[in-house]
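Reader: I would like to go through some of the labels attached to this model and see what each one rests on. Where should we start?

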Amino acid sequence: MPILVMKFGGTSVADLERIANVAEKVRREVERGYHVIVIVSAMAGKTNELVKWVNETSAFYDAREYDAVVSSGENVTAGLMALRLQEVGVPARSWQGWQVPINTTSQHGSARFVSIPRANIDAKFAEGMKVAVVAGFQGVSPEGRITTLGRGGSDTTAVAFAAAFDAERCDIYTDVDGIYTTDPRITSKARKLEKISYEEMLELASLGAKVLQTRSVELAMRYKVRLRVLSSFDETDETSGTLVCDEEEIMESKVVSGVAHSRDEAKITLFTIEDRPGIAAAIFGPLAEAGVNVDMIVQNISEKDYDEAHAGAVTDMTFSCPVDQVARAKKAMEEAKAAGKINYDELIIDTDVSKVSVVGIGMRSHAGVAAKMFKALSGENINIKVISTSEIKISVLIDRKYMELAVQTLHDAFALDSAV
Ligand code: ADP
Ligand code: ASP
Ligand code: MG
């Protein structure tokens, strides 16, 4: 029998009524002749609550115990979903990560898949089970400990199962009816896309469009999984939602295809550091070891050739990272300074910044996107603090209070509300 993967996010399983509602969607696919693998998230808000409990108990927590706690939300929904399916006459069974087993690396909090052996689930399908309900977001390390895949990780579980089980499609059911030109909660002018390329979705996701976890798009691209995003609240059929697919399948060709934002960023500047070979490694090595995801980096040119206090040239280094990693970053820098590995006069933290980015494959062959973006932002008096670019995106760091305005302004400037 063909296999379909259906993933339901937190809002789609927020209470028993919604679980019943999506179980009905699963039942219909079973009636159409599929073996279904259902991937569930924790009920809406649950994971945030669990994360908060961990932080309140232990500021610099043991990541193994963090995973033990925050993975638990998915276990509840998996069991409830299996029960609900049984209630409506569908033979279903729930699976926690270790039971499958979903083998991952031991990077707690951001583990990666190693393998998903099919045997256990296939054996149950052979016995007559129609639906395997798998707890998303979690796995098991080589040491036998529970791991989690990073926030939003159930999307990645879904794509990984689609690849491992050769599924016909991977349907991601969520609280919006597809992928839009920008977050539809920020501007009503956001336009739903029928299709989007893996490359563009990968950029949008990594720049903050949380509709899909970045890693899920990476995996879909690598294993050519037909990935679809659609609403769990609407009536849906084969044509609903947005398909993430190869560039060649897409007719639309705008230079910029979407605007993404990442609200909770922070900017950290180390003032007056020595300007010498190895200084960047001495800063970013400890940050990486502390698990800080450094994003944008700017190093100033040397202010002067020789600074007596530092017996050499000096400069400033600025980088950005998620707000919730600021404490770790600060600690790592202070420790590196205390150990004599780096030397700075001052460490300034700005936690009120957001990142806004424009993305489009068309940028590869079109100049002038950056100029247009900067002009549009300056037209609204929005000051740009840091800029970074790649082949198909331009990102700016700005004051958080202007984030919505910046997204709306850029959406207008690149006329994303119209398909042509
Ligand atoms: P789930 O709990 O189902 O995984 P998420 O909250 O993780 O849902 O992702 C869905 C949300 O992503 C939407 O509610 C929407 O606000 C947000 N989002 C951000 N960017 C986009 C975009 N470009 N298109 C659609 N939704 C987006
Ligand atoms: N429940 C997890 C989270 O909130 C995983 C997910 O929903 O994808 O991040
Ligand atoms: Mg999500």
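Author: With polar contacts: a pair of N or O atoms counts when the two lie within 3.5 Å, and within protein one must be able to donate a hydrogen and the other to accept it. Note that the model is predicted.

Reader: What makes the approach of the Arg-228 side chain to the backbone oxygen of Ser-240 a polar contact?

Author: The side chain of Arg-228 reaches that oxygen at 3.1 Å. The cut-off is 3.5 Å, so the pair counts as a polar contact. The backbone oxygen of Glu-238 also lies 3.1 Å from a polar atom of the Arg-228 side chain, and that pair therefore falls within 3.5 Å as well.

Reader: How do you know whether Arg-228 is buried or exposed?

Author: Its relative accessible area is 4%. Buried means under 20%, so Arg-228 is buried. Arg-228 lies in strand 11, residues 227-231. Leaving aside residues up to four places away in sequence, Arg-228 touches several others, including Arg-169, Asp-171, Asp-237 and Leu-243.

Reader: Why is the pair Glu-24 and Arg-28 called a salt bridge?

Author: The N to O distance between their side chains is 3.9 Å. The limit is 4 Å, so the pair qualifies. Side chains of opposite charge can pair when their charged atoms come close. Both residues lie in helix 1 (residues 16-31), four residues apart, about one turn of the helix.

Reader: Which exposure class do Glu-24 and Arg-28 fall into?

Author: Glu-24 has 25% relative accessibility and Arg-28 has 29%. Partly exposed covers values between 20% and 50%, so that label applies to Glu-24 and to Arg-28.

Reader: What makes Lys-52 and Glu-56 a salt bridge, and where do they lie?

Author: The closest N and O atoms are 3.4 Å apart, and the pair therefore meets the 4 Å limit. Lys-52 and Glu-56 are separated by about one helical turn because they are four residues apart in helix 2 (residues 46-57). Lys-52, at 49%, is partly exposed. Glu-56, at 57%, is over the 50% mark and so counts as exposed.

Reader: How do you know that Asp-412 and Lys-189 form a salt bridge, and what does the pair tie together?

Author: Their closest N and O atoms are 3.0 Å apart, so the 4 Å criterion is met. Asp-412 lies in helix 12 (residues 403-413) and Lys-189 in the loop between strand 9 (169-174) and strand 10 (195-197), so the pair ties together parts that are 223 residues apart in sequence. Asp-412 has a relative accessible area of 40% and is partly exposed.

Reader: Which residues are joined into one network by salt bridges that share partners?

Author: Glu-24, Arg-27, Arg-28, Glu-31 and Glu-235. The count of salt bridges by this rule comes to 29.

Reader: Which class, buried or exposed, applies to Thr-272 and to Asn-381?

Author: Thr-272 has a relative accessible area of 15%, under 20%, so Thr-272 is buried. Asn-381 reaches 68%, over 50%, and is therefore exposed. Thr-272 lies in strand 13 (residues 258-274) and has a positive phi of about 55° although it is not a glycine. Asn-381 sits in the loop between helix 11 (369-379) and strand 18 (386-390), with phi near 60°.

Key:
Residues are numbered from 1 along each chain as its sequence is written. Chains are lettered from A and ligands numbered from 1 in the order in which they are written. This is a predicted model: local features need pLDDT of at least 70, side-chain atom pairs count only at pLDDT 80 or more; totals for chains, interfaces and linings use all residues. Side-chain values use heavy atoms; hydrogens and water are left out. Helices (H or I, at least four residues) and strands (E, at least two) are DSSP runs, numbered from the N terminus. Buried means under 20% relative accessible area, exposed over 50%, partly exposed in between (1.4 Å probe, protein chains only). Contact means heavy atoms within 4.5 Å.
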